Amino acid sequence: MSGLSPFSLPKQPPVILVADDDKTIRLLLREAMEQEGYRVVEVADGKQCLDAYETVKPDIVLLDAIMPVMDGFTCCKHLLQIARNNLMSALADLDTDSATGNTVISKLWERTPILMITSLDDAESVDRAFEAGASDYVTKPIHWAVLRQRLRRLLQQAQVYKQLEAANLALQQLANVDGLTGLANRRRFDEYLNTQWINLAQEESPLSLILCDIDYFKFYNDQYGHPAGDVCLQKVGTVLSKNAQKHHDLVARYGGEEFAVIMPNTHASGAFYVATTMQAGVQNLQIAHDASAVNEFVTLSIGVATLVPTWESSPSDLIVAADKALYTAKAEGRNRIIL
Ligand code: GH3
Ligand code: MG
Ligand code: MG
Ligand code: MG
């Protein structure tokens, strides 16, 4: 099979976590699985299975139904809950909107498949297993050829879903992130501002916007060259990110040498304070700027605006207000903040 085929198995041997209280069955399963080239980790009940899951990080779980301490149905439910929690915290870090999160969650059972292997073959047990989140069901006595094929199929599917997820993440990244600075791009800025506008109109809470523009940046490029200008933009972006402290604040590259910070639930005084830390942070970088008329180092002019969103007004009102403040900061001599 070609390495590029979407149905190829991962490079590392897949890890199978086997939970069964019957030692003989475990041994038989281990032998059969190892013959397939899989790595096997054995546990004797559902509780041990949960304990092992996080450290082993299996590619698939083979679960017996009737086991002491914790049965397979209960274990299955818990496994899904663990996977869901892990995913939710990963998504929170990614600052992904909830719609995307839900798509991933609904596919969760396809990520680490759970295959129940049990002597229970009544309809009710089958229903219980699938309702608990099992991906597939095989009865004992084990039909080994069937088990082998089911396992291969489940592992291949899980691999494809992982690849799709990775591709999806990469696309999201391309669509939302500025390539030079790693900050949110203008598209993401617009989307986030619109979403927050609607949220805060409902809550009747303030929304603040900081607009920063590097002073005499054209001269900086002329003096030090465009590549040095790019590095300067990256450094400024990093400082702005560091100074946006709240989880819901979004720092974006708004245009060429303009940056924007969206601050939901933030009053003017709070936004003004953050703007002062950003201005100071950039000045403290001490990036030499001989061609600047205001300072020996690179500096920012900043406009800050705050509005409580309403249904009658629109996000562009906030942008216009911040832009006006920024214009005043420039007109009054640069390297300053206007609220
Ligand atoms: P002001 O103090 O009034 O803001 O003056 P300025 O020179 O900063 O403003 P102006 O808008 O005239 O120039 C912005 C400059 O930013 C011009 C452009 O070449 C530069 N610029 C925009 N994007 C990039 C980029 O990605 N890399 C580099 N190196 N320069 C950029
Ligand atoms: Mg059993
Ligand atoms: Mg500008
Ligand atoms: Mg400028």
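Mentor: P141 lies in the loop between β5 (136–139) and α6 (144–176). Helices and strands here are DSSP runs numbered from the N terminus, a helix being H or I over at least four residues and a strand E over at least two.

Trainee: What kind of model is this, and how are its residues numbered?

Mentor: The model is predicted, with pLDDT of at least 70 needed for local features and 80 or more for side-chain atom pairs, while totals for chains, interfaces and linings use all residues. Residues are numbered from 1 along each chain as its sequence is written, with chains lettered from A and ligands numbered from 1 in the order in which they are written.

Trainee: What makes the peptide bond between K140 and P141 cis or trans?

Mentor: Omega is about 0 degrees for the bond joining K140 and P141, and the bond is cis. Most peptide bonds are trans, and most residues other than glycine have a negative phi.

Trainee: Which sign does phi of E204 have, and where does E204 lie?

Mentor: Phi of E204 is near 55 degrees, a positive value in a residue other than glycine. E204 sits in the loop between α7 and β6.

Trainee: Why is E204 called buried or exposed?

Mentor: A residue is buried if 20 or more other C-beta atoms lie within 10 Å of its own, exposed if 12 or fewer, and partly exposed in between, with C-beta atoms placed from the backbone. E204 has 9 other C-beta atoms within 10 Å, so E204 is exposed.

Trainee: What is found at Q286?

Mentor: Phi of Q286 is also positive, near 55 degrees, and Q286 is not a glycine. Q286 lies in the loop between α10 and β9. With 10 other C-beta atoms within 10 Å, Q286 counts as exposed.

Trainee: Why does N176 count as it does, buried or exposed or in between?

Mentor: N176, in helix α6, has 19 C-beta neighbours inside 10 Å, so N176 counts as partly exposed. Leaving out residues up to four places away in sequence, N176 touches A184, N185, R187 and R188; contact requires C-beta atoms, placed from the backbone, within 7 Å.

Trainee: How do you know how α9 compares with its expected span?

Mentor: The expected span is 1.5 Å times one less than the number of residues. α9 has 18 residues and reaches 26 Å from its first C-alpha to its last, close to the 26 Å expected.

Trainee: Which residues of α9 are buried, and why are they said to line one face?

Mentor: C232, L233, V236, V239, L240 and N243 are buried in α9. Seen down the axis of α9, the buried residues fall within an arc of 130 degrees, so they line one face of the helix; the arc is that of the directions from the helix axis to the C-beta atoms. On the other side of α9, P227 and K242 are exposed. The buried residues of α9 pack against β6, α8, β7 (250–253), β8 (258–264) and α10 (268–284).

Trainee: What makes the buried residues of α11 a face?

Mentor: P315, L318, A322, A325, L326 and A329 are buried in α11. Their arc, seen down the axis of α11, is within 100 degrees, so they line one face of the helix. An α-helix has 3.6 residues a turn, so residues three or four places apart point the same way. S316, V320 and A331 are exposed on the face of α11 turned away from the buried side. The buried residues of α11 pack against α7 (186–203), β6, β9 (300–307) and β10 (337–338).

Trainee: What makes a residue part of the shell around ligand 1, and how many residues surround ligand 1?

Mentor: A residue is near a molecule if its C-beta atom, placed from the backbone, lies within 6 Å of it. Ligand 1 is surrounded by 17 residues, the closest being F217, K218, G229, G256 and E257. β6 (207–214), α8 (217–224) and α9 (226–243) each supply at least two residues of that shell.

Trainee: How far apart are the C-alpha centres of domain 1 and domain 2?

Mentor: Domain 1 (13–174) and domain 2 (184–337) divide the protein chain, with bounds from an automatic or database domain assignment. Their C-alpha centres lie 47 Å apart.

Methods. Contact = placed C-beta atoms within 7 Å.
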